[in-house]
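Here is a short set of exercises to work through with the structure open beside you. Try each task before you read its solution.

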Amino acid sequence: MQNTVQNSTSVSTLEKIFKLKENNTNVKTEVLAGVTTFMTIAYILVVNPTILGQAGMDKGAVFTATVIASAIGCLVMGLLANYPIILAPSMGINAFFTYTVVLGMGYTWQFALCAMFIEGIIFILLTVTNVREKIIECMPDVLKHAITAGIGLFITFIGFVNAGIIKQGGAIISLGDIKSSTVLLAVVGLIIASALLIRKVNGAFLIAIIVTSAIGMALSIVPMPQGVVDLPPSINPVFMKVFEVQKAEIFSLDMLVVVLTLLFVNMFDSIGFLLGIADRANLIDEDGNMPGVKKALLAESLSTTVSSVLGTSTLATTVESGSGIAVGGRTGLTAVTTAVLFFVALFFAPLFTSIPAQATSPVLILVGFMMASSILKINFEDLTDAIPAFLTFIMMPLAYSVADGIMFGIISYTILKLVSNKKEDVGISLIILSIVFILKFALL
């Protein structure tokens with residue numbers, strides 16, 4: 001009887017914090033969504049330390065920093081914004097960190113962390129002054145739908161590449177080795193996930209990840225976990241190293257270029273992902289606005305700054321958030337659940353990091369399929385809407401950049417509306433953004 005009362009009180013508390021009924025969800029659904037999201041993003045615990053390790057950073061320390069930063073980011077997003085969106089190191093930014101700033105420009109990883117710290121501070125200022133919120137508000141509805149569809153195509157492309165179904169080759173890309181055991185495992189995973197989804201099985205994606213991983217391990221296609229429990233590596237080799245950069249480097253031209261590049265890429269990547277994921281989760285109201293978007297942007301900005309201090313690359317809204325939303329996640333409880341699992345992963349790293357890409361890639365492909373359905377909301381009869389929308393969603397996978405897709409979409413939308421005498425569809429904000437984007441392409 002006492003346990004029943006305690007459980008009821010707990011559910012009531014969660015209802016009050018996350019407004020579950022108001023968002024047509026419940027604790028069970030939100031927790032399942034959080035677990036599914038974590039299983040889909042768990043690969044970052046291996047990939048991020050590997051990429052940053054090539055910049056000379058201690059991989060073990062980066063692992064710990066990645067876990068703690070992601071957990072904090074998810075907690076802040078869930079509790080502050082009440083969005084079912086998770087934050088984790090951006091795959092594009094960590095590559096820019098290592099291959100451009102450190103290996104390309106020859107700067108230290110401490111310099112790269114400092115650039116990201118400065119970018120985070122600027123992000124906070126832009127958020128507090130409502131600049132980022134105004135950018136989202138001035139975005140036409142047709143481009144918001146196109147962004148959602150484009151991110152869907154982008155996610156699907158990532159899923160196919162991670163699975164090995166698509167690879168580099170031919171003129172640009174080509175079909176992977178379909179006969180290889182790893183690719184076949186991904187195909188089997190895609191069939192399992194699709195079948196469960198069609199049958200509307202609760203937890204379809206999570207079940208598919210677990211079953212596909214089990215099949216791969218049982219057939220020795222992917223390695224078994226190298227243990228279950230382990231103590232987390234020390235974070236000391238990377239913690240607070242952002243403040244070891246010399247003043248001359250901070251005020252250098254190279255630092256300005258790196259910060260501006262990061263700012264452009266990260267700002268419009270984050271806005272794009274946020275809009276796309278929010279549209280999929282029905283967080284955009286009938287007027288095309290996102291209630292509480294400023295809190296979500298602030299959560300992301302704060303997390304970006306914290307991550308650089310902890311010793312990892314910039315956090316951002318992740319495409320994997322869509323996997324939790326696809327199984328019903330609608331509130332911050334989804335993000336908080338994922339945060340808890342990140343903390344747990346500190347001590348169960350061998351188990352969580354053994355989840356193969358072949359098990360998570362099918363989920364990304366199907367989440368992409370779901371998001372791509374936003375194409376149906378685009379009016380293809382009006383070419384001044386249709387052409388910019390098309391450029392938006394097609395450029396994201398082709399340029400491998402959400403930010404570039406948004407820039408192409410806004411520039412083309414503004415120009416086509418103006419030359420077609422539809423000036424009433426273009427506000428001064430879009431004109432300013434278009435000019436800024438053109439200058440960005442010309443100068444950076």
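In which loop is Lys19 found? Lys19 is in the loop between helix 1 (2-18) and helix 2; helices (H or I, at least four residues) and strands (E, at least two) are DSSP runs, numbered from the N terminus.

Before you go on, note that this is a predicted model, in which local features need pLDDT of at least 70 and side-chain atom pairs count only at pLDDT 80 or more, while totals for chains, interfaces and linings use all residues. Residues are numbered from 1 along each chain as its sequence is written, and side-chain values use heavy atoms, with hydrogens and water left out.

**Exercise 1. Describe the backbone and the exposure of Lys19 and Asn82.**

Step 1: start with phi. For Lys19 phi is near 55 degrees, a positive value in a residue other than glycine. Asn82, also not a glycine, has a positive phi of about 55 degrees.

Step 2: place Asn82. This residue lies in the loop between helix 4 and strand 1 (87-89).

Step 3: turn to accessibility. Buried means under 20% relative accessible area, exposed over 50%, and partly exposed in between (1.4 Å probe, protein chains only). Lys19 is partly exposed, because its relative accessible area is 42%. Asn82 has 18% relative accessibility and therefore counts as buried.

**Exercise 2. Find the residues with the most partners in the largest nonpolar core, then list the contacts of Met139.**

Step 1: fix the term. A nonpolar core is a set of buried Ala, Val, Leu, Ile, Met, Phe, Trp, Tyr and Cys residues joined through side-chain atoms within 4.5 Å.

Step 2: look for the best-connected members. The largest nonpolar core has 125 residues, and Phe38, Tyr83, Phe97, Met139, Ile151, Phe268 and Phe342 touch the most other members. Helix 12 (residues 253-280) gives the largest share of this core, 14 residues.

Step 3: take Met139. Setting aside neighbours within four places in sequence, Met139 is in contact (heavy atoms within 4.5 Å) with Lys144, Ile147, Ile271, Leu275, Ile406 and Ile410.

**Exercise 3. Classify the packing of helix 4 on helix 13.**

Step 1: read the geometry. Axes are lines fitted to C-alpha atoms, for helices over the stretch in contact, and angles run from 0 to 180 degrees between N-to-C directions. Helix 4 (residues 59-81) and helix 13 (residues 293-310) pack at about 160 degrees, with their axes 9 Å apart.

Step 2: apply the classes. Angles under 35 degrees count as roughly parallel, over 145 as roughly antiparallel, 65 to 115 as roughly perpendicular and the rest as oblique. Helix 4 is therefore roughly antiparallel to helix 13.

Step 3: go through the residues that meet. Helix 4 brings Ala65, Ile68, Ala69, Ile72, Gly73, Val76, Met77, Leu80 and Ala81, and helix 13 brings Lys295, Ala296, Leu298, Ala299, Ser303, Val306, Ser307 and Leu310. By class, the contact has 13 nonpolar, three polar and one charged residues, where Ala, Val, Leu, Ile, Met, Phe, Trp, Tyr, Cys and Pro count as nonpolar, Asp, Glu, Lys and Arg as charged, and the others, Gly among them, as polar.

**Exercise 4. Do the same for helix 2 with helix 15, and for helix 19 with helix 20.**

Step 1: begin with helix 2 (residues 27-41) and helix 15 (residues 332-345). Their angle is about 50 degrees and their axes are 7 Å apart, so helix 2 is oblique to helix 15. Among the residues in contact are Phe38 of helix 2 and Phe342 of helix 15. The contact divides into 10 nonpolar, five polar and one charged.

Step 2: continue with helix 19 (residues 402-419) and helix 20 (residues 428-443). They pack at about 125 degrees, with axes 9 Å apart, so helix 19 is oblique to helix 20. The contact includes Met407 and Phe408 of helix 19 and Phe437 and Phe441 of helix 20. Its residues divide into 11 nonpolar, two polar and two charged.

**Exercise 5. Describe the surroundings of Leu366 and Met370.**

Step 1: locate them. Leu366 is found in helix 17, and Met370 is in helix 17 (residues 357-372).

Step 2: check burial. Leu366 counts as buried at 10% relative accessibility, and Met370 counts as buried at 11%.

Step 3: list partners, leaving out residues up to four places away in sequence. Leu366 is in contact with Leu190, Ala193, Ser194, Leu197 and Phe205. Met370 touches Leu197, Phe205, Arg280 and Ala326.
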